[in-house]
Amino acid sequence: MADTPLRVDLLTREYPPQVYGGAGVHVEYLARELRRLADVRVHCFGPPRDEPGVIGYPDPPELAGANAALRTMGVDLAIAAGTAGTGVVHSHTWYANLAGHVAKLLHGVPHVVTAHSLEPLRPWKAEQLGGGYALSSWCERTAVEAADAVIAVSGAMRRDVLAAYPAVDPDRVAVVHNGIDAAQYAPDRGTDVLAKYGIDPDRPSVVYVGRITRQKGLPYLLRAARSVPPRAQLVFLAGAPDTPEIAAEVAGLVAELRAGREGVVWIQQMLPKPEVIQVVTHATVFVFPSIYEPMGIVNLEAMAGETAVVATATGGIPEVVVDGETGLLVPVTQAADGTGTPVEPDRFVADLAAAITALLDDPDRAAELGRAGRRRVLDHFSWSSIAERTMAVYRRVGGDSAAAR
């Protein structure tokens, strides 16, 4: 049995081709690298997948029309049943945490949770989930407090886990950063994608990539953009709004910008990775105005493309973006109510605009920050090393012995 590889079951809502956030990106690349080290199965939400070892689980038809969180819990129970025979289960986000917890109890195997974000720090999700927010919070708390190990994607995330869930033993919480495939996210100097979407390669550009959610802070960037020099294009790859309210707010702010300046490009669909890479590569500045961010893989993606980053100095972002070396960090004083809302929103917006303008006014500096960003990615954030550190967590909680039983 000593030569039998450990079977690892990764539990996730998102998996290609249905990826819309950083957790889905994380699982995609972690699974790829772990396959070099273990027998990996992936259990994800949605339709069947063609990839060997990957199983998709649809919503239970009996819960059609039920609250979204309740449907999620139904999928989790099916996933837990599907993990029979595993040596360790590893769940990602609250969507799959309950599946991991039930599998631990049902099959007697260790459960590892990766904390990409925390429900107590995203109270605005009550807008999105209604009463389901109480369910999502319960799923996460139950799983995290009972997990054999918790992986935090940054040091800041580890602090948040211990603050939100003081019953968790600090010795059970390890830091394993998110990573990036630097070969895939290499700079793309082509211009065919720019032409396709009406982006002028000869004009400086400010680029945002992310979902339309309170967490990502897009409305603050849109307000800051009013003060950005008009010679710069504003490119927003922004879709998947959480609620009709924030969708309407963003649409109104974009319309206002378009009424006062040229070169505002808003692409609302999720673009294929190669297209995003080319757009980001050509950006003078990549902006990430998130007000809650355990780490932010998209910052790594921009840095890998040799693009200077302007980002909020919050959460795990300063562990990725080195202020003055790979980009500029914008300070923010935030409310202590768990929302991350800037206490002085006008100041935050003004500082955001000033940082963006500083790099637009000094393109040579922006280019040097971008080159330094790629060097940092290559030195610190490879997926192979992240997979090795994750395997060490599995072994520490007894994954090998569980597989041998």
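Here, buried means under 20% relative accessible area, exposed over 50%, and partly exposed in between (1.4 Å probe, protein chains only). The views below come from a predicted model, in which local features need pLDDT of at least 70, side-chain atom pairs count only at pLDDT 80 or more, and totals for chains, interfaces and linings use all residues. Residues are numbered from 1 along each chain as its sequence is written, and side-chain values use heavy atoms, with hydrogens and water left out.

**View 1. Strand β13 has buried residues pointing both ways.** G327 and L329 point one way from the strand, L328 and V330 point the other way, and all are buried. Helices (H or I, at least four residues) and strands (E, at least two) are DSSP runs, numbered from the N terminus. Follow L328 across to β12 and you will meet V310, which stands opposite.

**View 2. An open sheet of 6 strands has parallel pairing.** The order is β10-β9-β8-β11-β12-β13, where two strands pair if DSSP finds at least two bridges between them. At the edges are β10 (264–267) and β13 (327–330), each pairing on one side only. The twist averages 15° from one strand to the next; axes are lines fitted to C-alpha atoms, for helices over the stretch in contact, and angles run from 0 to 180 degrees between N-to-C directions.

**View 3. Strand β12 is joined to β11 and to β13.** There are 4 bridges between β11 (residues 285–288) and β12 (residues 308–312), and 4 bridges also join β12 to β13. On the β11 side, look for V287 opposite V310.

**View 4. Helices α10 and α11 meet the strands.** Helix α10 (residues 273–281) touches β8 (205–211), β9 (233–239) and β11, and its direction makes about 145° with that of β8. Contact means heavy atoms within 4.5 Å. Helix α11 (residues 297–304) lies across β8, β11 and β12, at about 175° to β11.

**View 5. R374 in helix α13 is buried yet has no salt bridge.** A salt bridge is a side-chain nitrogen of Lys or Arg within 4 Å of a carboxyl oxygen of Asp or Glu. The nearest side chain of opposite charge is E306, 4.6 Å away; Lys and Arg count as positive and Asp and Glu as negative, while His and the chain ends are not counted. Leaving aside neighbours within four places in sequence, the contacts of R374 include Y185, P187 and M303.
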